[in-house]
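Reader: Could you take me through one part of this protein closely, the open sheet, and then show me what packs around it? I would enjoy a connected account rather than a list.

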Amino acid sequence: MGTKPRSSDAGGPQRTCAQCGAVRGKDRLLRIAGKPGGEWKPDPGGKLPGRGIYLCRSGGCMVIFAARIRTQKGGARWKMGAGGTDLAKMLAAMASGEATK
Ligand SMILES: [Zn+2]
């Protein structure tokens, strides 16, 4: 749409929100780090090893995503297993914190 270069001028790497599909700079997204079948947790600093799932920090994506992975079935989509339930709680807590900032 615009005339800006896609990657080099956008202030860093771009990632896709797992919930809404928006492509944003990494600093606009919350990284969730983990590995299939293991523990998943929010990784705001982007430092944890493992696979990354990215969610918009605003716009409700964290809340919606948390609601989806709260169940075993929902978490299975990202191979989270039972870890999705704990992550859902953390995300919900973070989302409410972000909203009041
Ligand atoms: Zn999103």
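Author: Happily; what follows starts with the whole chain, turns to the sheet strand by strand, and ends with the core and two loop residues.

A word on the ground rules. The model is predicted, so local features are given where pLDDT is at least 70 and side-chain atom pairs count only at pLDDT 80 or more, while totals for chains, interfaces and linings use all residues. Residues are numbered from 1 along each chain as its sequence is written.

The protein has 3 helices and 5 strands, where helices (H or I, at least four residues) and strands (E, at least two) are DSSP runs numbered from the N terminus. Along the sequence they follow the pattern β-β-β-β-β-α-α-α. Of the 101 residues, 26% count as buried. Here a residue is buried if 20 or more other C-beta atoms lie within 10 Å of its own, exposed if 12 or fewer, and partly exposed in between, with C-beta atoms placed from the backbone. Among contacts with a separation of 6 or more, 47% link residues 24 or more positions apart; a contact requires C-beta atoms, placed from the backbone, within 7 Å.

Now to the sheet. It is an open sheet of 3 strands in the order 4-3-5, with antiparallel pairing; two strands pair if DSSP finds at least two bridges between them. Strand 4 (40-42) and strand 5 (51-56) are the edge strands, each pairing on one side only. Neighbouring strands are turned by 25° against each other on average, direction ignored, using axes that are lines fitted to C-alpha atoms and angles that run from 0 to 180 degrees between N-to-C directions.

Strand 3 (residues 29-34) is joined to strand 5 by 6 bridges, and the two run antiparallel. To strand 4 it is joined by 3 bridges, again antiparallel. Gly34 is a good residue to click on: its bridge partner in strand 5 is Arg51, and in strand 4 it stands opposite Trp40. Strand 3 and strand 4 form a hairpin with 5 residues between them, and Gly37 in the turn has a positive phi of about 80°. Of the 6 residues of strand 3, 5 are buried, so this strand is largely enclosed by the rest of the structure.

On strand 4, have a look at Pro42. Pro42 is partly exposed, with 19 other C-beta atoms within 10 Å. Leaving aside neighbours within four places in sequence, Pro42 is in contact with Leu30, Ile32, Met90, Leu91 and Met94. Pro42 and Ile53 are 11 residues apart in sequence, and their C-alpha atoms are 9.2 Å apart.

One of those partners, Leu91, leads us to the core. Apart from residues up to four places away in sequence, Leu91 touches Pro42, Met62, Phe65 and Ala66. The largest nonpolar core has 20 residues, and those with the most contacts inside it are Leu55, Met62, Phe65, Ala66, Ile69, Leu87 and Leu91. Such a core is a set of buried Ala, Val, Leu, Ile, Met, Phe, Trp, Tyr and Cys residues joined through C-beta atoms within 7 Å. Strand 3, strand 5, helix 1 and helix 3 (83-99) are the elements that give two or more residues to this core, and helix 1 gives the most, with 5 residues.

In helix 1 (residues 61-69), Cys61, Met62, Phe65, Ala66 and Ile69 are buried. Seen down the helix axis, these buried residues fall within an arc of 130°, so they line one face of the helix; the arc is that of the directions from the helix axis to the C-beta atoms.

Two loop residues round off the tour. Gly46 sits in the loop between strand 4 and strand 5 and is partly exposed, with 15 other C-beta atoms within 10 Å. Not counting residues up to four places away in sequence, Gly46 touches Lys26 and Arg31. The C-alpha atoms of Gly46 and Ala33, 13 residues apart along the chain, are separated by 8.0 Å. Lys79 lies in the loop between helix 2 (72-76) and helix 3. Although Lys79 is not a glycine, it has a positive phi of about 55°, and with 15 C-beta neighbours inside 10 Å it counts as partly exposed.

Notes
Two residues are in contact if their C-beta atoms, placed from the backbone, lie within 7 Å.
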